[in-house]
Amino acid sequence: MGLKKFVEGLDWCDIWRNLVLCCLFGTVHLYNLDLESPVLVKGLKGTLFGYSVLLHSYKGEKWFIVGAPKANSSREDAIVNPGIIYKCRIGQNPEGICEELHLGISAGTKCGPDCVEEKDNQWLGVSLSRQPKKDGYILACAHRWKNIYYLELYKRPLGSCFKIPADLQPSHDSRLLPCFRAYKRSPDHSKGLCQAGIASFLTEDLIVMGAPGSQYWTGTVAVMNVKTNSLLFYTDDENTVKYGSYLGYAVSAGHFTYPNSTEIVGGAPQQELTGQVYIFEQHGKTLKIIFKAKGKMLGSYFGSSVCAVDLNSDGLSDLLVGAPMYSTVREEGRVYVYLNTGLGVMKELAMELVGMNSYAARFGDVIVDLGDINDDGHADVAIGAPQEDDQQGAIYIYNGREKGISPTFSQRIHGQQISNNLHAFGQSISGGIDVDDNGYSDIAIGAFMSDRVVLLRSRPVVNIEAFLSLPPSINRKKKECFENGKPVVCVNVTVCFGYKGKKIPGHIVLLYNISTDVNRRDGFPPRFNLMSDSSLNSSLGHIALYHNIIKCNTHQAFMKGEVRDFRTPVYFEASYSLGKHIVKNESTNSFPPLQPVLQRKENQVNGVKNKTYFERFCAFEDCDANLQVSGKLLLTGSHVNKSYLAVQEVKRIILNVSLFNAGDDAYSTTLHIKLPKDLYLIKMVKVVEKHVTCDLISDENSTSLECTVGHLYMDFLSKVGLSFFLDASKFTRAEEDIVITVNATCENERSLDLLEDNFVTLSLPLKYEVNVAVHG
């Protein structure tokens with residue numbers, strides 16, 4: 001096997017508002033792992049310190065457990081690079097001192113009746129796992145551990161693992177040799193090359209170990225029950241998994257069929273050259289495949305990392321599968337998502353997680369369940385891309401959601417953001433332990449090519465409850481405030497905030513910005529200002545908040561003088577961000593409190609919006625308008641008194657239209673005038689004070705005029721007269737009459753009885769006219 005995985009048009013008000021928002025919210029904090037106060041521990045150069053890493057807790061003490069698979073033991077000088085497991089205390093350890101855990105039997109002692117071990121280059125620390133409960137034990141494995149009892153025949157790289165008790169006392173460790181078979185002198189093709197422990201995973205009762213070398217590298221999964229002390233392997237009686245598939249290269253376990261059941265996951269990245277992943281269910285003393293997922297690209301190493309995690313908090317495990325060598329150009333990497341629909345039926349999501357899709361990043365080489373690090377009720381995951389940016393490495397945080405997982409990462413952490421000396425950052429990741437006791441799990445990351453591990457702490461997450469209170473309506477005739485000594489209409493805008501969050505000492509300062517009339521009609525200025533004698537339609541504020549206490553601030557908004565739109569609701573909006581976190585009594589803990597961050601929720605912005613309406617002063621039921629249209633066609637010159645149009649004699653017609661609103665204000669009033677073919681508009685007499693604008697629409701058979709009347713609305717009991725000069729010179733035959741239709745519409749004329757007088761048809765006969773002169 002060799003090395004595992006890696007080594008192979010605004011107005012000035014709008015402009016000012018945006019400048020204010022940039023100043024208030026322009027600084028974007030990373031979410032929610034803190035990068036300002038990392039803890040780094042360095043191992044001996046060239047030992048691959050950090051190839052595997054765990055966070056561990058025992059009776060309040062917090063530790064890094066670090067695998068250095070190429071390190072030399074201080075006790076066994078004759079052994080070449082056996083690998084070491086280190087424990088490094090977190091906190092009160094300014095020098096970053098790490099202690100070796102002495103594991104295994106003494107040199108020269110037999111490991112069984114026909115077992116003599118060889119620990120040279122055994123790669124102790126290739127994998128580390130922790131039992132998921134308080135003060136759980138640790139499993140450390142060396143997949144290249146060999147039995148050389150039958151040295152004259154061959155060495156047997158069986159692989160070895162050690163149970164390390166929670167107190168980290170080496171005298172209590174116990175060795176596991178899942179592939180060892182006593183008195184097997186002849187070559188054991190099924191287990192003799194199994195390399196158990198290249199991957200491992202612990203539940204409360206089970207130890208799951210991958211053994212990809214079994215059965216000529218077909219591979220298998222070994223499952224030990226610590227309660228019953230039983231051991232079983234997946235046996236491929238039906239040749240489902242092919243030779244050279246490396247089943248067991250990655251393993252996990254979860255609750256796939258029922259919330260209280262436990263099923264096993266095994267990855268086979270070489271199966272059929274595209275890779276496959278299997279979910280196994282225990283049936284008596286056998287493991288049965290209940291689900292398999294297939295890779296999509298040759299050589300992508302689909303299944304070289306797997307993670308069983310309940311993304312949507314439904315009590316059932318979902319599945320993430322890495323394909324770190326997936327290539328569009330070269331080994332950008334992919335992670336595939338399978339949601340559990342119940343009883344172990346997995347549905348693959350159409351989306352794929354891609355990180356930054358960076359060249360040769362190997363995104364998906366590591367996938368780890370971090371638990372709920374942002375306090376939104378859903379599990380979050382970290383995905384490693386240890387070769388990103390020329391092997392510097394990066395990790396990506398993806399948040400669980402009610403519908404599965406966020407399609408984009410919430411945080412990308414590049415190794416160089418922490419230290420210029422980090423390489424292969426993200427090769428190993430561990431979470432699930434709250435190192436600084438702030439209520440949030442923290443995360444450890446290994447960077448083995450620089451022999452370092454890093455601790456990043458999770459910042460507290462603040463969940464803001466925001467309310468914006470407005471009066472139910474605005475009385476535009478009630479002027480209770482003063483601006484420049486003149487009475488004006490004003491509105492009280494009250495913003496209220498409270499927050500929830502785990503273990504946030506002291507209080508926080510919330511910064512906010514109130515904006516007025518945010519959903520106004522396009523092209524119209526705001527109808528309210530937030531400061532007297534000012535054109536600003538936004539205002540900044542701040543408020544000190546204490547846990548679970550609601551506090552409010554009230555601002556006054558002033559209505560501008562020239563407001564015409566009394567129909568559209570007036571929306572007010574308050575956007576907010578966190579200011580400084582203030583702690584009066586600094587903690588004596590070695591870890592000072594971190595600045596909290598605002599919680600990010602799916603499809604939710606950090607703001608609140610509310611609306612109010614102008615009161616309608618209506619004289620009629622339902623505030624209905626009542627448009628009445630009349631019109632007349634006039635001839636000019638010597639033809640002014642004629643009731644017909646003389647073809648080729650009359651060149652111009654005047655269309656007079658009168659529109660009267662006998663009801664309440666008519667909103668979005670429009671006149672629709674349809675002219676016949678060959679009758680053309682010359683001009684309209686401009687009516688600027690009446691706010692009339694017309695658009696000309698032509699097709700093959702007619703010409704239409706669409707005229708908007710009034711500035712947003714036509715006042716009640718108002719009248720508008722329009723005159724249109726029309727060119728009739730194109731009429732050459734006295735056939736059909738000239739017919740012109742005029743129709744008036746608005747938004748708030750709904751009664752059928754009121755619509756009868758909205759339409760008028762005007763006609764003018766066409767006739768030939770002959771001038772006869774009689775001489776006698």
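## Disulfides in the predicted model

A disulfide is a pair of cysteine sulfur atoms within 2.5 Å. The structure described here is a predicted model, and it holds 7 disulfides. Three of these links are described below, followed by two cysteines that stand apart from such pairing.

## The link of C179 and C194

The sulfur atoms of C179 and C194 lie 1.9 Å apart, and the two residues form a disulfide. The angle about the S-S bond is 125°, and the link of C179 and C194 is right-handed. Both cysteines lie in the loop between β11 (174–176) and β12 (200–202), so the disulfide ties together parts that are 15 residues apart in sequence.

Are these two cysteines buried or exposed? C179 is buried, and C194 is buried as well.

## The links of C481 with C490 and of C496 with C552

C481 is joined to C490 by a disulfide with an S to S distance of 1.9 Å. This link is right-handed, with 55° about the S-S bond. C481 and C490 are both buried.

A further disulfide joins C496 to C552, with 2.0 Å from S to S. The link of C496 and C552 is right-handed too, with 110° about the S-S bond. It connects distant parts of the chain: C496 belongs to strand β36 (residues 490–500) and C552 to strand β40 (residues 551–559), 56 residues apart. The surroundings of the two partners can be described by their relative accessible area. For C496 this value is 12%, so the residue is buried. For C552 it is 41%, so the residue is partly exposed.

## Cysteines without a partner

Why does C307 not form a bond with C141? The closest cysteine sulfur to that of C307 is in C141, but it is 18 Å away, which is too far for a bond. C307 counts as buried because its relative accessibility is 4%, and the cut-off for a buried residue is under 20%.

C746 is likewise in no disulfide; the nearest cysteine sulfur, that of C623, is 12 Å away. With a relative accessibility of 17%, C746 also counts as buried.

## The chain as a whole

How many helices and strands are in the chain? There are 4 helices and 54 strands. The radius of gyration is 40 Å, whereas the globule rule gives 28 Å for 776 residues; the chain is therefore more spread out than a compact globule. The C-alpha trace spans about 150 × 65 × 45 Å along its principal axes.

Of the 776 residues in the chain, 54% are buried. The accessible surface amounts to about 35100 Å², and carbon and sulfur atoms account for 50% of it. The chain carries 79 positive and 85 negative charges, and the mean positions of these two sets are 3 Å apart.

## Repeats recorded in UniProt

An unreviewed UniProt entry places the feature "repeat: FG-GAP" at residues 288–347, 349–407 and 411–473. In the span of residues 288–347, the end C-alpha atoms lie 20 Å apart, and the content is 0% helix and 45% strand. In the span of residues 411–473, the end C-alpha atoms lie 43 Å apart, and the content is 6% helix and 54% strand.

Methods. Residues numbered from 1 in each chain as written. Predicted model: local features only at pLDDT ≥ 70, side-chain atom pairs only at ≥ 80, totals over all residues. Heavy atoms only, no water. Helix = DSSP H or I, 4+ residues; strand = E, 2+ residues; numbered from the N terminus. Buried < 20%, exposed > 50% of the residue type's maximum accessible area, 1.4 Å probe, protein only. Rg over C-alpha atoms; globule rule 2.2 N^0.38 Å. Areas by Shrake-Rupley, 256 points an atom, 1.4 Å probe, with all protein chains shown as cover. Lys, Arg positive; Asp, Glu negative; His and termini not counted. Charge placed at Lys NZ, Arg CZ, Asp CG, Glu CD. UniProt positions renumbered as here; feature names shortened; annotations may be inferred.
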